[in-house]
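Work through the two exercises below with the model in view. Each one gives a task and then a solution in steps.

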Amino acid sequence: MSTTAQVPLSEPGGPGTPGGPTGEGPGAEEFAERLFASALGALDVFSVYLGDRLGWYRSLAADGPATSAELAARTGTQERYAREWLEGQAVAGILTLAAPAARGPEGDAPPSGVPGGATRRYALPPGPAEVLTDEHSLAYVAPLPRLFAAVGRTFDELLDAYRDGGGVSWGRLGADAREAQADLNRPWFEHELAGALGRAPDLHAVLSRPTARVADVGCGAGWSTVALARAYPQARFDGYDIDGPSVDMARANAQAAGVADRVAFHAADAATLPADVPLDAAFAFECTHDMPRPVEVLSAVRRAVLPDGAVVVMDEAVAEEFAAPGDDVERLMYGFSQFVCLPDGLSSSPSVGTGTVMRPATLERYALDAGFERVEVLPIEGFSFFRFYRLHH
Ligand SMILES: C[S@@+](CC[C@H](N)C(=O)[O-])C[C@H]1O[C@@H](n2cnc3c(N)ncnc32)[C@H](O)[C@@H]1O
């Protein structure tokens, strides 16, 4: 699980990570300020969720500035709530004030009978509009708050799991998490995947075989499969995911992209990948760390892929080893791990309980246990927060 935007991230020990485990740590005032700033950030996240899910950002982007009454009418929502949200968004510096719709006799004072602030008109500037509404942009971060909302709904189950064992499955997190995941990775697959694979010539050659058969395990909503199908129009693809609603989304996405004739999706555990149809290549995009039994899946992949084929795992580009304090990527991945990926992995038994912070040595151990001979890190850098591994027979 990762966010995708190209945002500046702090270095270990930088401003985002005051203190350290071996020093004195932050003072009370310093730490209170940090936590307060985090709480303000959380409020941004919650209010962005409202604006995303209620269609308010999309309306402001598509139809221009609006008063609270106009926005409510456009989106079928309640004016009083829209007004509070609009004012909060402007105070937070996300929306700007546009020319008022109508002026009362004393400037901004509302006409008689109209509540204060109801005549103010709000605009979504181009920068936030891209981040909040452009699903094709690498800066599209709007889906991330959906993941937080999904987690919020499961907090009681999370507490039970932390106390008593077990977990909270990906399916339990529901549509918000599923759609957040799909939408966060989609722009990277759409814009960057073909070029990235082209930078690994051996891999590109395998995928360019005239009758190539390729599997995408843990394919989610299938955006990776669709991107591969567009990049390699002569190849056939099979996507596998254990989550039925994700497979439904993948089928619809392939259909809409016009590649459904060469792409099939299967609601199945990737450990059951058939070995009787030899594959030229298999991919596992950001899913190996979620799997309760990754060695079973990698073993099935190894059996299915031809010895001269290619197996690629894309997973989080976390540091080689634990170090504290860590940088923002490590903080983000430990966050996802505590609330999403580790509880998901532990929701099935038996489970190795990997979590989001799957370090290169851990993946290498899984690959060797699955019968692969060695693991190579591919020369693909700057692809969101991911590292690409090739597993060699
Ligand atoms: C974090 S999502 C990644 C989805 C997609 N690859 C992407 O990059 O957006 C992990 C996916 O792995 C799937 N998954 C986990 N274990 C699986 C298994 N054993 N077989 C098939 N899919 C699995 C989950 O259902 C989920 O859709």
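Helices here are DSSP runs of H or I with at least four residues, numbered from the N terminus. The model is a predicted one.

**Exercise 1. Describe the lining of the second largest pocket and find which element supplies the largest share of it.**

Solution.
Step 1. Start with the space itself: the second largest pocket has a volume of about 780 Å³.
Step 2. Its lining is made up of 39 residues, and those closest to the centre are Trp170, Asp241, Ile242, Cys287 and Asp290.
Step 3. Next, list the elements that give at least two residues each: helix 8 (170-198), helix 10 (223-231), strand 4 (236-241), helix 12 (294-304) and helix 13 (328-345).
Step 4. Helix 8 gives the largest share, with 8 residues.
Step 5. Sorted by class, the lining holds 18 nonpolar, 11 polar and 10 charged residues.

**Exercise 2. How do domain 1 and domain 2 meet, and how many salt bridges are counted between them?**

Solution.
Step 1. Set the bounds: domain 1 covers 28-135 and domain 2 covers 148-392.
Step 2. The C-alpha centres of the two domains are 37 Å apart.
Step 3. In the contact, 5 residues belong to domain 1 and 9 residues to domain 2.
Step 4. Together the domains bury about 570 Å², with 39% of this on carbon and sulfur atoms.
Step 5. On the domain 1 side, Tyr49, Arg53 and Glu135 lose the most area to domain 2, together 71% of what that side buries.
Step 6. The count of salt bridges between the domains is 3.
Step 7. Arg53 also forms a salt bridge with Glu179, at 3.1 Å from N to O.

Key. Residues numbered from 1 in each chain as written. Predicted model: local features only at pLDDT ≥ 70, side-chain atom pairs only at ≥ 80, totals over all residues. Heavy atoms only, no water. 1 Å grid on protein atoms, 1.4 Å probe; cavity = no way out; pocket = protein on both sides within 12 Å on 5 of 7 lines; lining within 4 Å. Points joined across faces, edges and corners; volume = space filled by probe spheres on them. Nonpolar A, V, L, I, M, F, W, Y, C, P; charged D, E, K, R; others polar. Domains from an automatic or database assignment. Contact = heavy atoms within 4.5 Å. Buried area = accessible area lost by both parts, 1.4 Å probe. Salt bridge = Lys/Arg side-chain N within 4 Å of Asp/Glu carboxyl O.
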